[in-house]
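Colleague: Could you take me through one part of this model in some detail? Here it is, so that we are both looking at the same thing.

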Amino acid sequence: MAKKKKYRSSNRSYALVAVMAVALLAGSFALGWHFGVQSTRFQGEILLVNESNRLAEDYVPEGLVNLYQQRHSFRMASSEIYLTRETYEAMEKMFHAAEEADMNGYIVTSGYRSYQRQAEVYAQSEPGKAQQPGASEHQTGLAFDVTVETNDGFESTPQYAWLSQHAHEYGFIQRYPANKSDVTGISYEPWHYRYVGVDAATRMWKTGETLEEFLARN
Ligand SMILES: [Zn+2]
């Protein structure tokens, strides 16, 4: 009887150890998954490109699409503008929404630029007006420049005002805002938009942080 009781008791403690082990395993899994998702979303997937974070000469993003060959609710300065498919799809959704809101006339002027192309742009530009090859976001295929036909600057147009209020809803940030050139290293570029995904874009839109500041904090 005593022996049986002892056996039962140890059986029970085995069961308890097993339950605790499973709970611990599940807990650490949940924890690891949680942190894994956070770091993937904000560090791994959001590419930071600037003077001190340069892309390799042979870096070419995967899945570039020619915008001219896609359905487009915007005009283009050239039939040879490329972006990653995800970026194109988000931008098309955005400009389609703008059109629905009677906001028309957007002209996309630039998208993906290879390292070699950026080197040419850099060589032809006045000092400080273009990024050095490898330091341009245009090499990511995640950024585009846009304007409208205007005699004033793009920043004084209603189309610009619409983008300022809605771009984040489609995953875009204005990458080089006014008064942030000390952080970005780039002077105000109201025409340059960068795809980072809706979640990150919305957070940055709310806090007014640049990509540099956002990634340093997350
Ligand atoms: Zn640009």
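In which sense do strand S4 and strand S5 pair, and over how many bridges?

Modeller: Happy to! A word on the basis: this is a predicted model, where local features need pLDDT of at least 70 and side-chain atom pairs count only at pLDDT 80 or more, while totals for chains, interfaces and linings use all residues. Residues are numbered from 1 along each chain as its sequence is written, and side-chain values use heavy atoms, with hydrogens and water left out.

Now to your strands: S4 (residues 107–110) and S5 (residues 143–147) run antiparallel and share three bridges. Strands here are DSSP runs of E with at least two residues, helices are runs of H or I with at least four, and both are numbered from the N terminus. Two strands pair if DSSP finds at least two bridges between them. Ile-107 has Thr-147 of S5 as its bridge partner, and Val-108 is matched with Val-146 in S5.

S5 also pairs with strand S7 (residues 192–195), again in the antiparallel sense and over three bridges. There, Phe-144 has Tyr-193 of S7 as its bridge partner.

Stepping back, these strands belong to an open, five-stranded sheet of mixed pairing, ordered S2-S4-S5-S7-S6. Its edges are S2 (75–76) and S6 (172–174), each pairing on one side only.

As for burial (under 20% relative accessible area with a 1.4 Å probe, protein chains only), four of the five residues of S5 are buried, so S5 is largely enclosed by the rest of the structure. Across the protein chain, 39% of the 218 residues count as buried.

Methods:
Buried < 20%, exposed > 50% of the residue type's maximum accessible area, 1.4 Å probe, protein only.
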